[in-house]
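Reader: I would be grateful for a close account of one part of this structure, namely its hollow spaces and the residues that line them. Please take the pocket before the enclosed spaces.

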Amino acid sequence: MTEENNKEEKTAQSKEDQEKKPVQRPAARPRPRVKKEAPPPEPSPKEPLLAELVQQVTEKLGEQAIEESYVNQNGEHLLTLVVNRDHWAKLASLLKQEANWQYTYLQNCAGVDQQTYFEVVYHLYSLEHHDQICVHVKVDRDQPEIPSVVNIWPAANWHEREIYDLLGIQFTGHPNLQRILMPDEWEGYPLRKDYQPLDEGV
Amino acid sequence: MLRTEEMLLNVGPQHPSTHGVLRIVVKIDGEVIREATPVIGYLHRGTEKLAEDLNYTQIIPYTDRMDYVSAMSNNYVLVHAVETMLKLEIPERAEYLRVITLELNRIASHLVWMGTYLLDIGALSPFLYAFQDREKILDLFNELCGARLTYNYMRVGGVKWDAPNGWLQKVEQFITMMEKRMKDYHQLITGNEIFIQRTRGVGVYSQEMAIQYALSGANLRVTGLQRDLRKEHPYSIYDRFQFDVPVGRHGDLYDKYLCRMNEVEESLKIVGQALASFPEKGRVLGKVPRVLRVPEGECYVSIESPRGELGCYLVSKGKDKPWRLKFRRPSFCNLQILPVLLRGENMANLVAILGGIDIVLGEVDC
Amino acid sequence: MFGLVKGLGLTLKNMVKPRVTYKYPHEPLEMPNRFRGIQYFIPELCIVCNQCVRICPTDCITLTGKKSDDPNVKGKVIDTYEINFEICILCDLCTEVCPTEAVVMTNHYELATYSRDDLYKDMEWLSQNNTLVRKENTLHPLPKKTGAKKA
Ligand code: SF4
Ligand code: SF4
């Protein structure tokens, strides 16, 4: 690009060419500086929706149900709730059944190892209202247990087995909690950050 | 007296109709299936774990190997997730190339499904025709990015190659040819009485059930629900194109066939429109930093792959490698419904129903 | 019944069409220029920058450099360069990052051998694999004028 510009301008005006060069160089340099200055996050247009959601949940389940709530500004401004584990089962069935939510479609369910704790992340979709939310549930690392939601969303079945298989989180109430991807006799949970393969170097 | 007792039968893992290495343990009572349990994991390579040790460019070739029938969508979902996190601007020309390749890949994928599915239920010749046409798409891809299946074509910020000279014309020729071929397919299959009798009313499920099991793609649309992520949450530049979302009415296997064939026609339309408005000039790779450091945070993006909703959940801790990368693989989710569908079915329908779901084992096992 | 007969019509139509298959092992297939095949390595061009090793997703390149014998040449020259084709997935990333196009793709794709050891290709073999070389390779050519020092 710059070479092309220069060539064209050289033939036309040599003065402009000289002026241009000093302008271009500083433009290339400050790039690393721009990167570091994170722009202050603007409040998302979905903040009111989040406040409403949080209020409705606290009304039904009490103050402790939601540990944290924020709008994930990456992508489509996703409402995100961090739900207390003890309240998750109740909230899950509410999320599915309440007329103004109806999150009937379980898009995704993933387990994350956050080193000090585990996290199970649900992405729910409401086909009625065309609306998506994300629910995080924190799980204790020493005693990784979380109520299963297979009875609410049958689609969670294999997802939960996969998370159990790879992260070792116990889903209480799951009909068939067995390893799904790894062999049954596999030792350890591969997706944990501290996982050490048993048979290093075949 | 006839002695009847239940018998355990192992289908797979090496079985031609499982399209990979899937094992199904079926409990049969005479010809009737009492219980079916899919056993998966034979092709598990730990892509998600491997990805945690690779930087974002290096993961792209690994995604090729997930759904190897439509590797473009896998490529795309990963770069789309990274681009969403980085809030990158993609050059126009790259977006068009992406849409064209994604849709061509969808056509190729549906052709494979159609061919192998009919092969599964006993019709040999459609397979040959379908692969002959798919071959043309693969040749186009080979010319574009140097590989027939593992494209490694998308890059964060654009695509790797610009279209070579004359490539777009070739795509155009292919579209015209394929439109004619679709008529042939309808002539060959759609009206075939044997095929209709084999698939009408088989493997039916209701819309509620499809939603409960979070089916996606043609498996969901066959029940009449019009959910296509290209329409519902337009990603890339899909909002610029006019196309319909074909849905089924009965939720049976024949409708699935019709749905997918109509989708091929819609894809042809999209490619046609994209070619018509293809930008003359421009970069195909935007300005991206050489080392991609994704800011801390997480995002979930999903696209409509030929098999359904292909999602990518990316958690980053500000490094050049993902902290956690999870793919929501449509085949994995869709396969869950198999035991429910098979209960009480005839053994002979197992292959037909399994084929109808359209799974790719590389993606199921990831 | 009618649907069946109609389908047969297509079969008849295709019977007289020319063949679409190749006589592959007897007649080699011609690949388009961009085809990603076994690499060709040009030792003279390599500046031992290690970028190809770092980008390779499967860690199949090993190289060592040494000080040049010629005192006029700055920097290192390549000593050994090996690609393990047991695990190379021909993903094109090494050729993409190589700033001097010292490692480039060719159109050769036949690698099958009877022994795994044969798949371990050293510098000599790779530098003799010099036919059907691909024309376009690197995405990041060495910046020529400005910014050469930065990289
Ligand atoms: S083609 Fe890919 S796998 Fe092979 S050596 Fe190059 S970077 Fe490594
Ligand atoms: S990237 Fe190219 S120049 Fe650098 S070490 Fe590899 S082959 Fe040599």
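Author: **Pocket and cavity linings**

In this predicted model, the second largest pocket has a lining of 40 residues, and those that lie nearest its centre are L181(A), M182(A), P183(A), W186(A) and H44(B). Two or more lining residues are given to the second largest pocket by each of α6 (156-167) of chain A, β3 (32-39) of chain B and α1 (47-51) of chain B. The most comes from α1(B), which gives four residues. The volume of the second largest pocket is about 890 Å³. By class, its lining holds 20 nonpolar, eight polar and 12 charged residues.

As to enclosed spaces, the structure has four cavities of 30 Å³ or more. The largest cavity, with a volume of about 80 Å³, is the space taken by ligand 2. Its lining consists of 14 residues, with C46(C), C49(C), C52(C), C98(C) and A102(C) nearest its centre. Of the residues in this lining, 12 are nonpolar and two are polar, while no charged residue is present.

The surroundings of the ligand itself may be described in a similar way. Around ligand 2 there are 14 residues, of which C46(C), C49(C), N50(C), C52(C) and C98(C) come nearest. This shell comprises 11 nonpolar and three polar residues, with no charged ones.

The second largest cavity has a volume of about 60 Å³. It is lined by 13 residues, and Q39(C), C56(C), C88(C), C91(C) and C94(C) lie nearest its centre. The lining of the second largest cavity is made up of 10 nonpolar residues, two polar residues and one charged residue.

How values were computed
Residues are numbered from 1 along each chain as its sequence is written. Chains are lettered from A and ligands numbered from 1 in the order in which they are written. This is a predicted model: local features need pLDDT of at least 70, side-chain atom pairs count only at pLDDT 80 or more; totals for chains, interfaces and linings use all residues. Side-chain values use heavy atoms; hydrogens and water are left out. A residue is near a molecule or strand if one of its heavy atoms lies within 4 Å of it. On a 1 Å grid over the protein atoms alone, a cavity is a set of points where a 1.4 Å probe fits but cannot get out, and a pocket is an open set with protein on both sides within 12 Å along at least five of seven lines; lining residues have an atom within 4 Å of a point. A molecule sits in a cavity or pocket if more than half of its atoms lie within 2 Å of its grid points. Ala, Val, Leu, Ile, Met, Phe, Trp, Tyr, Cys and Pro count as nonpolar, Asp, Glu, Lys and Arg as charged, and the others, Gly among them, as polar. Grid points are joined across faces, edges and corners, and a volume is the space filled by probe spheres set on the points.
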